[in-house]
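Reader: I am new to reading protein structures, and I would like to understand the reasoning behind the words used for this one. Could you take me through it step by step?

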Amino acid sequence: MSCIENIDKSRVPRHVAIIMDGNGRWAAQRGNKRTFGHKHGVKSVRSAITAAAEIGVKYLTLYAFSTENWNRPKYEVDALMTLMVNVIKAEADDLKKNNVQLKVIGDKNSLPVRVCNEVERIEKNLKNNTGLTVVMALSYSSHWEIINAVKSIAADVKKEKISVEDISQDLFDHYLSTAEIPNPELLIRTSGEARLSNFLLWQLAYTELYFSPVLWPDFGKEEFFQAICDYQKRERRFGMISEQIQKPNLK
Ligand code: IPE
Ligand code: IPE
Ligand code: MG
């Protein structure tokens with residue numbers, strides 16, 4: 001029986017974020033180069049998008065390349081960039097047909113021009129779709145994002161567009177690359193690593209964390225549904241006590 005049968009469709013997280021990890025180890029286990037793992041990771045991206053759309057998730061954020069990943073060997077970085085371009089080109093029609101929108105977050109200026117052009121082209125091409133929004137974190141890190149937000153806020157204070165008193169959590173949200181997107185209710189990291197690796201540090205403040213031992217190329221729809229089922233068993237208290245969650249009118 002598929003785990004989808006156990007999912008309560010009325011309590012599906014609106015936003016799921018995934019740290020897609022373990023491609024290199026998956027390839028090494030098969031005596032192959034790391035890039036072989038990245039290629040096989042693409043089908044898991046497809047499965048996650050299909051699974052998320054199937055159960056009514058509204059936003060799916062995928063960590064595809066971190067700012068720290070630029071420090072990997074050149075051959076791997078080049079292969080990853082070429083893979084990005086090829087995948088974007090190959091998947092564009094299906095994404096359009098399936099009503100998927102795409103938003104890329106990260107330091108676009110640091111991307112090779114060919115990647116940047118493809119990214120902008122596909123974002124434009126899918127912008128009238130109304131279904132699942134896939135947020136692709138590409139050359140992204142939270143430290144980069146937060147510093148950018150702070151610089152923009154400081155500039156707007158200087159220009160007297162806002163005052164220091166206006167600075168609030170809500171205002172800060174609006175200066176992040178995820179402005180307008182609700183914070184993730186669930187974060188999945190594959191491959192058994194239990195860390196955030198500079199991903200959505202502000203946005204994950206109250207997110208439920210789910211660490212799966214499965215390596216990304218083996219993470220299919222069933223594993224995605226299992227993560228949703230696990231999430232639905234949890235009680236999210238946001239600092240309150242259990243009784244307040246059970247009886248919202250409790251004083
Ligand atoms: C995740 O897999 C993909 C990227 C970070 C681009 P890794 O390449 O990190 O694979 P492992 O963690 O070395 O197995
Ligand atoms: C995080 O994975 C980045 C992505 C999945 C894109 P890494 O494999 O780069 O993270 P660390 O270095 O193990 O923390
Ligand atoms: Mg890794």
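**Reasons behind the words**

Author: Let us start with a cysteine in this predicted model: Cys 229 has a relative accessibility of 9%, and because buried means under 20%, Cys 229 counts as buried.

Reader: What makes Cys 3 buried?

Author: The relative accessible area of Cys 3 is 12%, and since the cut-off for buried is under 20%, Cys 3 is therefore called buried as well.

Reader: How many disulfides does a search of the whole structure find?

Author: The search finds zero disulfides, which means that no pair of cysteine sulfur atoms lies within the 2.5 Å that the word requires.

Reader: What makes the span of helix α7 close to the expected one?

Author: Helix α7 runs over residues 221–232, which is 12 residues, and from its first C-alpha to its last it reaches 17 Å, whereas 16 Å is expected at 1.5 Å a residue. Cys 229 belongs to the buried residues of this helix, together with Phe 224, Phe 225, Ala 227, Ile 228, Tyr 231 and Gln 232.

Reader: What covers the buried residues of α7?

Author: The cover includes the strands β1 (15–19), β2 (59–66), β5 (186–189) and β6 (208–211), and also helix α2 (34–55).

Reader: How do you know that β2 and β4 pair?

Author: Pairing asks for at least two bridges between two strands, and β2 and β4 have seven, in the parallel sense, so they are called paired. Within this pair, Ser 66 stands opposite Tyr 140 in β4. Strand β3 (residues 101–105) also pairs with β4 in the parallel sense, over five bridges, and Val 104 stands opposite Met 136 in β4. From β3 the chain crosses through helix α4 (residues 113–125) to β4, and this β-α-β crossover is left-handed.

Reader: Why is strand β4 called mostly covered?

Author: Strand β4 covers residues 133–140, and eight of its eight residues are buried, each thus under 20% relative accessible area, so the description follows.

Reader: Which residues touch the most other members of the largest nonpolar core?

Author: Among the 48 residues of that core, they are Val 16, Ile 18, Ile 55, Leu 60, Ile 188 and Phe 224. Helix α3 (residues 74–97) gives the core its largest share, eight residues. Leaving out residues up to four places away in sequence, the contacts of Leu 60 include Val 16, Ile 18, Ala 48, Val 134 and Phe 224. Another core, of 12 residues, lies apart from the largest one, and Ile 19, Tyr 63, Ile 105 and Val 135 are among its members.

Methods:
Residues numbered from 1 in each chain as written. Chains lettered and ligands numbered in written order. Predicted model: local features only at pLDDT ≥ 70, side-chain atom pairs only at ≥ 80, totals over all residues. Heavy atoms only, no water. Helix = DSSP H or I, 4+ residues; strand = E, 2+ residues; numbered from the N terminus. Expected span 1.5 Å × (residues − 1). Buried < 20%, exposed > 50% of the residue type's maximum accessible area, 1.4 Å probe, protein only. Contact = heavy atoms within 4.5 Å. Right-handed = clockwise from strand over helix to strand, strands pointing away. Core = buried A, V, L, I, M, F, W, Y, C linked by side-chain atoms within 4.5 Å.
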